[in-house]
Amino acid sequence: MKCVKCGAEMKEGCVYCSVCGHESKIEADYSVLEDDYLRSLLAAEGAFPAGGKPKSGTSKKTGTDGKAKAGSASGHKKKKKSNKLPIVIVCVLLVAAIGAGIAVKLSIDKKNANSYEYQVNMAQKEAFSQNYEKAIDYYENALALRPGDISVRMAMAELYKNGGQNDAALVVLQEVIDLDASNKKAYRELIAIYEERRDYDSIVALSDKVKDIALLELFEDYIVSPPIISPLGNTFDLDIEITLHSIEDLAIYYTLDGTEPDQTNGILYDSKEGITIKEEGRYELRAVCYNEKGIVSETAFETYELAFVAPDYPTVTPDGGRVEPGSLVTIQAGAFCSIYYTWDNTDPTAASAKYEAPLEIPEGKSVLSVLVVDERTGLDSGIYRTSFTRD
């Protein structure tokens, strides 16, 4: 125990301080620091404010021994703990609900990702809203599930065209034809794109792969038949008369020097005049047809050679010798040939006497000179001579 006045230790049972003589009351044996610590604990429980005094309207319950009742503080703690429990439960339930929602969504997403019907339906929905890129993404997902699907590819081609992506549309339409060579709609769409680009070569190349007659009808305006050439190429000894014919009655352009004819360097064929080769030489005729779209046919070609042949020597009867008075001589030559002659051993020309009827053989010795000239070519046989003696 300590003296309340001087703080000196007092012996147990003494009422007066042995140091100062002051009568002291009995107090609990604890320090000021211990008292402050107790106050801080009570303040933490809400019984005292930070200044150390009880809050307004709050009384400190003490027992007969001056100590605070433990039951009061313990009850406060239990009440505070019981207030936190519902919050914890709500949080746990909320987290569980969120987790369940995420699990359900993941399950649905997985199911949709593997559903061809879902992907197609979503693609159609986005296409209706003109969200072409999203629609194509859904269609690509559908193709991943059904790689051989033609209807999806046709829908994608339409979206690509609507979005101005004709190159992509061409690729998809070609895939359709590879899968179904008789798909008329795919051919029609391809032709439309090539027509818009005026890429007629691609249309013709596409038609080369078509075997179905019904499909070939789609290419009627783009397939141009080459011209027919008559006669066939050969070597000729007379002027060559050549005719060209277009099955579709189209314009024909040709060349004779082996170069590829077109509307610039080719000669426009005139069916009324035809083609006549009159000069000797070798000619390589090439001809093509053009339709109203400017589409050109394949090239038709033939090779001709013109080499004129001189006429044969004439046939003279009798062919010289001793003859009786009044004897006649006849001269024969090939068709289209003229016969010229002299009796004085001079060389006949086209200006000499022309044979038209049997000739009377002159009296005495004479030399008959004959020249045959082909009127078509101007070539001659060379001079043929024979001698006669008439008594």
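**Exercise 1. Locate E220 and decide whether the residue is buried or exposed.**

Solution. Start with the secondary structure: E220 sits in the loop that runs between α9 (213–216) and β1 (228–230). The model is a predicted one, and in it E220 has a relative accessibility of 58%. Because the cut-off for the exposed class is over 50%, E220 counts as exposed. As a last step, look at the charges around this residue: E220 belongs to a negative surface patch, which is formed together with D212, E217, D221 and E292.

**Exercise 2. Describe the chain as a whole, in terms of secondary structure, burial and contacts.**

Solution. Begin by counting the elements, which come to 9 helices and 16 strands. Next take burial, where 30% of the 391 residues in the chain are buried. The exposed surface of the chain is about 25,400 Å², and carbon and sulfur atoms supply 53% of that area. Finally, consider the contacts between residues at least 6 apart in sequence, of which 53% join residues at least 24 apart.

**Exercise 3. Find where the cis peptide bonds before P231 and P318 lie.**

Solution. Take P231 to begin with: the bond that leads from S230 to P231 is cis, with omega near 0°, and P231 is placed in the loop between β1 and β2 (235–236). Then turn to P318, which is joined to T317 by a cis peptide bond with omega about -10°; the loop that holds P318 runs between β9 (315–317) and β10 (321–323).

**Exercise 4. Examine the positive phi values of Q130 and D249, and state the setting of each residue.**

Solution. For Q130, phi is near 65°, a positive value in a residue other than glycine. This residue is found in the loop between α3 (116–128) and α4 (132–145), and Q130 is exposed, with a relative accessible area of 58%. For D249, phi is near 60°, again a positive value in a residue other than glycine. The loop in question lies between β3 (240–245) and β4 (251–255), and D249 counts as exposed at 69% relative accessibility.

**Exercise 5. Work out which residues G326 contacts, and how those residues pair with each other.**

Solution. G326 lies in the loop between β10 and β11 (328–332) and is partly exposed, with a relative accessible area of 47%. Leaving aside neighbours within four places in sequence, G326 is in contact with E360 and R390. These two contact partners form a salt bridge, in which the closest N and O atoms are 3.7 Å apart. The pair links distant parts of the chain, since R390 is in strand β16 and E360 in strand β14 (residues 359–360), 30 residues apart. R390 is buried, with a relative accessible area of 14%. To finish, G326 and P362 are 36 residues apart in sequence, while their C-alpha atoms are 8.7 Å apart in space.

**Exercise 6. Compare the surroundings of the salt bridges made by R286 and R322.**

Solution. A search of the whole structure finds 12 salt bridges. In one of them R286 is bridged to E284, with the closest N and O atoms 3.2 Å apart; R286 is buried at 18% relative accessible area, whereas E284 is partly exposed at 24%. E260, E284 and R286 are linked in a network of salt bridges. The salt bridge between R322 and D391 has its closest N and O atoms 2.5 Å apart, and the pair links distant parts of the chain: D391 is in the segment after β16 (380–390) and R322 in strand β10, 69 residues apart. At 61% relative accessibility, R322 counts as exposed.

Note on methods: Residues numbered from 1 in each chain as written. Predicted model: local features only at pLDDT ≥ 70, side-chain atom pairs only at ≥ 80, totals over all residues. Heavy atoms only, no water. Patch = residues over 30% accessible without salt bridge, like charges linked within 9 Å, V, L, I, M, F, W, Y side chains within 5 Å. Areas by Shrake-Rupley, 256 points an atom, 1.4 Å probe, with all protein chains shown as cover. Salt bridge = Lys/Arg side-chain N within 4 Å of Asp/Glu carboxyl O. Lys, Arg positive; Asp, Glu negative; His and termini not counted. Charge placed at Lys NZ, Arg CZ, Asp CG, Glu CD. Helix = DSSP H or I, 4+ residues; strand = E, 2+ residues; numbered from the N terminus. Buried < 20%, exposed > 50% of the residue type's maximum accessible area, 1.4 Å probe, protein only. Contact = heavy atoms within 4.5 Å.
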